[in-house]
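Me: I'm new to this one and would like a walk through it. Can you put it up and start with the vocabulary?

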Amino acid sequence: FVIAIVVWIFALSQFTRLPQLALESVEIVGADPEIENDLRAAAFGALRGKYLGIFSKSNSFIYPSDSIEDAARNASPRIITIDAERDGAKKIVLKIVEKTPVAIVCAGLPDWKDSQLIFGSSDDCYRVDADGYLFMKDISSPETSHLGRYYIPGLVENEIDGDGNFIGKYAASTTEFVSLRKFYEGAKANGIAARAILVKGDGEYELYADNHSTSTIVIYFNERNSLDDESVNLISFWKNMEQTARSEGESLNFESIDLRYGPNVFYRAGK
């Protein structure tokens, strides 16, 4: 009986090693060509070796789909979902869905020209998902030009490994990042031409918005009061000032707006 079992195991082992049933290629679908080689290498890595040192993992009937998916997912932080499927006896197809950026996070301070905020090509910026996770380097392009920017110099100050690469790290706590995005998007949805937020640390922030002149409005806010309350105060103030300016045939022109003192909103008119 034991000899029979050993013979069957040996026979099955040889069967799993047949060249006709060995997976030899990996096709990538839906991924940026920039990461295809990394994904393919990760998949082939998961196909190497044997189960229990006996059965080949590259056999098209018993290939480790979960291990392939995990290996490919670990190869790039840009992936949100991945599905490994066999296509015939010789090929694996990896169907990839990449993350969609919701904002751009820059590890440094914004650049200014006179009183105008400018987005420089030298900015060390990254695309970030809804949780505040930095998943790829950003190079200014029409694809992301509509996204809000978040300047967080604390990323550099709090860096531990010192490699200057922030991919795979979080911009801030997810709670803080979600609150800041809500503040930013709320301002933009109510007619304020928001462009960027500076995270200064210790719960202090600055929102930058385009003025109707050639300058940038600096809007000060912080966590001392609820960000939701400060957002309501900003929008109410803006709409009231907009209505007053319209009735007088003028355009809004601010140098700064300060929301840090409860329901009172202080501002400095632009020149």
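Reply: Sure, one term to begin with: a polar contact is a pair of N or O atoms within 3.5 Å; within protein, one must be able to donate a hydrogen and the other to accept it, and residues adjacent in sequence count only if both atoms are side-chain atoms. With that in hand, the backbone nitrogen of R224 lies 3.2 Å from a polar atom of the N222 side chain.

Me: Before we go on, what kind of model is this?

Reply: This is a predicted model, where local features need pLDDT of at least 70, side-chain atom pairs count only at pLDDT 80 or more, and totals for chains, interfaces and linings use all residues. Residues are numbered from 1 along each chain as its sequence is written, and side-chain values use heavy atoms, with hydrogens and water left out.

Me: Back to N222, then. Where does N222 lie, and is N222 buried or exposed?

Reply: N222 lies in strand 14 (residues 216-222). Helices (H or I, at least four residues) and strands (E, at least two) are DSSP runs, numbered from the N terminus. N222 is buried, with a relative accessible area of 0%. Buried means under 20% relative accessible area, exposed over 50%, and partly exposed in between (1.4 Å probe, protein chains only).

Me: Which side chain does N222 meet in a polar contact?

Reply: That of E204, at 3.3 Å. E204 is found in strand 13 (residues 204-210) and is buried too, with 17% relative accessible area.

Me: And which residues is N222 in contact with, leaving aside neighbours within four places in sequence?

Reply: G203, E204, Y205, L227, E230 and R260. Contact here means heavy atoms within 4.5 Å. With the same kind of neighbours set aside, E204 is in contact with L198, V199, F221, N222, R224 and R260.

Me: F221 came up there. Where is F221?

Reply: F221 has its place in strand 14, and at 0% relative accessibility F221 counts as buried. Not counting residues up to four places away in sequence, F221 touches a list of residues that includes L180, F183, I197, L207 and L259.

Me: How many Å separate the C-alpha atoms of F221 and Y63?

Reply: Those C-alpha atoms are separated by 55 Å, with the two residues 158 apart along the chain. For N222 and H212, 10 residues apart along the chain, the C-alpha separation is 25 Å.

Me: New topic: how many salt bridges does a search of the whole structure find?

Reply: The search finds 18. A salt bridge is a side-chain nitrogen of Lys or Arg within 4 Å of a carboxyl oxygen of Asp or Glu. One of them pairs E24 with K90, whose closest N and O atoms are 3.1 Å apart.

Me: Why does that pair tie together parts far along the sequence?

Reply: E24 lies in the loop between helix 1 (2-16) and strand 1 (25-29), and K90 in the loop between strand 4 (79-87) and strand 5 (91-98), so the pair ties together parts that are 66 residues apart in sequence. E24 is exposed at 53% relative accessible area, whereas K90, at 30%, counts as partly exposed.

Me: Which residue forms a salt bridge with D228?

Reply: K182 does, with the closest N and O atoms 3.5 Å apart. D228 lies in helix 6 (residues 227-247) and K182 in helix 5 (residues 174-189), so this pair ties together parts 46 residues apart in sequence. D228 is partly exposed, at 40% relative accessible area, and K182 is exposed, at 52%.

Me: What about R260 and D258?

Reply: Their side chains meet in a salt bridge, 2.7 Å from N to O. D258 counts as buried, at 11% relative accessibility. Elsewhere, salt bridges that share partners join D32, E34, R78 and E98 into one network.

Me: Last one: what covers strand 6?

Reply: Both faces of strand 6 (residues 103-106) are covered: A103 and V105 on one side, I104 and C106 on the other, are all buried. Strand 6 runs antiparallel to strand 9 (residues 125-128), joined by 4 bridges, and pairs in the parallel sense with strand 11 (residues 149-151) over 3 bridges. Two strands pair if DSSP finds at least two bridges between them. V105 has Y126 as its bridge partner in strand 9 and stands opposite Y150 in strand 11.
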